[in-house]
Amino acid sequence: MKKTMKKTAFALMLLCLPTLPVWATTASAPVAFQTIPQVMVAFDDAQVYRKKAVTLGRLAHKAELGRVLPTYVAGSDGKPLLETENTISKDVVIARAPVPVSGAVYNEWLVPKTTWVDTYGELPMFDTFMPFKRIKTIKAIPITPEVLSLLGSEDGETAVIAVSWNAQGMKVYKDGYLTDAGYGIAPAEMQNSYEVVEE
């Protein structure tokens with residue numbers, strides 16, 4: 001009788017095991033913060049910023065069309081961390097931060113040409129990088145613990161927001177910023193690259 005009960009209990013435990021890793025590793029879906037009224041109302045009185053750092057931009061080489069461009073950011077250890085991968089087309093500008101993420105690895109990303117013109121005023125003329133100064137401004141709100149909670153943060157330090165260019169979303173950080181343009185800015189990036197626009 002006791003042996004049968006032990007075998008039954010052991011069998012039940014084994015049946016439960018396969019579900020545990022799935023439950024433990026399931027990541028929450030990116031959150032569209034534009035659908036959260038408590039977040040969006042904060043933009044009504046938000047500070048206006050403009051990127052003060054230049055952005056390098058160039059047209060794609062013909063040989064690059066159809067290739068995937070990886071976008072790297074600095075990880076918590078200071079090493080390059082893959083953020084997204086997008087396919088190069090004739091309808092985009094390749095943008096680059098002037099300073100490397102680490103060593104010879106640069107933060108490069110793709111910008112639709114229409115968005116580039118709205119943001120920087122004119123398209124690059126060549127397939128070599130040229131500096132551009134942003135003309136478009138953004139509104140940004142601080143990512144406080146309360147905002148992180150509204151975004152479904154699981155660790156109180158980060159959350160993942162939905163963005164148009166990556167189905168996996170974009171990670172945002174406590175003390176960083178959310179923008180009315182639909183993306184997040186890390187704390188150091190805001191401090192180093194943006195300036196307040198006086199109204």
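In the predicted model, Gly 121 adopts a positive phi of about 95° just after helix 4. The helix itself spans residues 113-120, and its buried positions are Trp 116, Thr 119 and Tyr 120. Viewed down the helix axis, these buried residues fall within an arc of 75°, so they line one face of helix 4. In an α-helix there are 3.6 residues a turn, so residues three or four places apart point the same way. Thr 114 and Asp 118, on the other side of helix 4, are exposed. The buried residues of the helix pack against four named elements: strand 2, strand 5 (92-96), strand 6 (108-112) and strand 7 (130-132).

Thr 55 belongs to strand 2, which comprises residues 55-58. With a relative accessibility of 1%, Thr 55 is classed as buried, because the cut-off for burial is under 20%. A polar contact of 3.0 Å joins the side chain of Thr 55 to the side chain of Tyr 120, a buried residue of helix 4. When residues up to four places away in sequence are not counted, the contacts of Thr 55 include Trp 116 and Tyr 120, together with Ala 95, Arg 96, Trp 109, Met 130, Pro 131 and Phe 132.

A further threonine, Thr 137, is located in the loop between strand 7 and strand 8 (138-142). Its relative accessible area is 34%, and Thr 137 is therefore partly exposed. Outside its neighbours within four places in sequence, Thr 137 contacts Val 48, Tyr 49, Arg 50 and Val 197. The C-alpha atom of Thr 137 is separated by 9.3 Å from that of Ala 181, a residue 44 places apart from Thr 137 along the chain.

Conventions: Residues numbered from 1 in each chain as written. Predicted model: local features only at pLDDT ≥ 70, side-chain atom pairs only at ≥ 80, totals over all residues. Heavy atoms only, no water. Helix = DSSP H or I, 4+ residues; strand = E, 2+ residues; numbered from the N terminus. Buried < 20%, exposed > 50% of the residue type's maximum accessible area, 1.4 Å probe, protein only. Polar contact = N/O pair within 3.5 Å; in protein donor to acceptor, adjacent residues only side chain to side chain. Contact = heavy atoms within 4.5 Å. Arc of directions from axis to C-beta.
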